[in-house]
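Visitor: I'd like to learn how to read a model like this one, feature by feature. Could you walk me through it?

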Amino acid sequence: MSEIQVASRYANSLLDLAKERNSLEAIKSDLDSFLAVLKATPELRAVLRNPIISPDKKFSIIKEVFGPSVQEIVISFFKIVISKGRAEVLYETAKEFVNGYNRINGVIKASVVSAVQLTDENKAEIKRVVEQATQKKVVLQTRVEPDLIGGFVLTVGDKQFDASISSSLSKLKKEFTQKVV
């Protein structure tokens with residue numbers, strides 16, 4: 001079974017438990033923190049993936065780092081997953097949990113890559129347009145990439161809208177090349 005499938009099953013189990021205990025928001029918040037720490041600390045992710053490190057040692061590290069700040073149910077969940085020898089899927093499980101939470105709450109992620117930093121008004125307008133088009137609450141992430149020259153690339157789910165100047169120039173170059181030959 002692939003890592004994503006295993007992570008998805010664990011995430012669904014945790015989602016069910018969180019709904020049952022009315023602690024969906026708290027657990028989502030804890031897993032957001034967990035993801036942020038793992039993104040910022042590749043060494044911790046390496047420890048979780050390392051088959052040489054014992055499950056007990058992995059759990060003691062996780063408990064030391066996250067124990068004081070997360071719900072007891074999350075720590076118990078981490079303990080179960082680690083004790084089953086699946087510590088390497090904790091990161092993907094947390095991501096899948098957040099995706100499931102977003103589906104339940106009608107939230108969709110969108111990202112905008114632009115040539116320059118967007119103003120708050122630009123972000124609000126993009127968010128409004130995407131919310132109107134999808135009928136979902138939008139969590140917008142932005143990134144600056146000067147190579148775009150101008151314009152932006154908007155990604156919503158698996159759809160992409162490319163309004164960048166570099167993309168337009170590439171298309172124009174391709175058209176000229178095809179007509180010359």
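Guide: We'll go from the whole chain down to helices and single residues. Keep in mind that this is a predicted model.

Visitor: Okay, start with the layout. How many helices and strands are there in the chain?

Guide: Count eight helices and four strands. Read from the N terminus, the order is α-α-α-α-α-α-β-α-β-β-β-α.

Visitor: And the overall shape? What radius of gyration does the chain have, set against a compact globule of 181 residues?

Guide: The trick is to hold the value up against the globule rule. A compact globule of this length would come out near 16 Å, but the chain has 21 Å. The box of C-alpha atoms along the principal axes tells you more: roughly 65 × 35 × 30 Å. As for burial, 34% of the 181 residues count as buried.

Visitor: What do the contacts say about sequence separation?

Guide: Take the contacts between residues at least 6 apart in sequence: 64% of them join residues at least 24 apart.

Visitor: And the charges? How many positive and negative side chains are there?

Guide: There are 27 positive and 22 negative ones, and the centres of the two sets lie 4 Å apart. While we're on the outside, the accessible surface is about 11,300 Å², with 53% belonging to carbon and sulfur atoms.

Visitor: Now helices. How do I check the length of one, say α5?

Guide: Use the rise of 1.5 Å a residue. The twelve residues of α5 (72-83) should span 16 Å, and the end C-alpha atoms are 16 Å apart, so the two agree. Do the sum for α6 too: its 15 residues should give 21 Å, and 21 Å is what separates its end C-alpha atoms.

Visitor: Which residues of α5 are buried?

Guide: A general idea helps here. An α-helix has 3.6 residues a turn, so residues three or four places apart point the same way. In α5 the buried set is I73, V74, I75, F77, F78, V81 and I82. Their cover includes α1 (3-20), α2 (24-40), α4 (55-66) and α6 (90-104).

Visitor: How many residues of α6 are buried?

Guide: Eleven of its 15, so α6 is mostly covered. Among them are L90, Y91, F97, V98 and Y101, along with E92 and E96. They pack against α1, α2, α3 (42-49), α5 and β1 (107-114).

Visitor: What comes after these helices in backbone terms?

Guide: A glycine with positive phi in each case: G85 follows α5, near 75 degrees, and G106 follows α6, near 65 degrees.

Visitor: Which residue that is not a glycine has a positive phi of about 55 degrees?

Guide: First the background: most residues other than glycine have a negative phi. Here N22 is the one at about 55 degrees, in the loop between α1 and α2. Q135 also has a positive phi, about 60 degrees, and sits in the loop between α7 (120-134) and β2 (137-144).

Visitor: Are those two buried or exposed?

Guide: Exposed means over 50% relative accessible area. N22 has 73%, so it counts as exposed, and Q135 makes the cut at 67%.

Visitor: One last stop: where is R143?

Guide: In strand β2. With 47% relative accessible area, R143 is partly exposed. Beyond its neighbours within four places in sequence, R143 contacts V112, V113 and S114. By contrast, try N122: it is 21 residues from R143 along the chain, and their C-alpha atoms are separated by 13 Å.

Definitions and conventions: Residues numbered from 1 in each chain as written. Predicted model: local features only at pLDDT ≥ 70, side-chain atom pairs only at ≥ 80, totals over all residues. Heavy atoms only, no water. Helix = DSSP H or I, 4+ residues; strand = E, 2+ residues; numbered from the N terminus. Rg over C-alpha atoms; globule rule 2.2 N^0.38 Å. Buried < 20%, exposed > 50% of the residue type's maximum accessible area, 1.4 Å probe, protein only. Contact = heavy atoms within 4.5 Å. Areas by Shrake-Rupley, 256 points an atom, 1.4 Å probe, with all protein chains shown as cover. Lys, Arg positive; Asp, Glu negative; His and termini not counted. Charge placed at Lys NZ, Arg CZ, Asp CG, Glu CD. Expected span 1.5 Å × (residues − 1).
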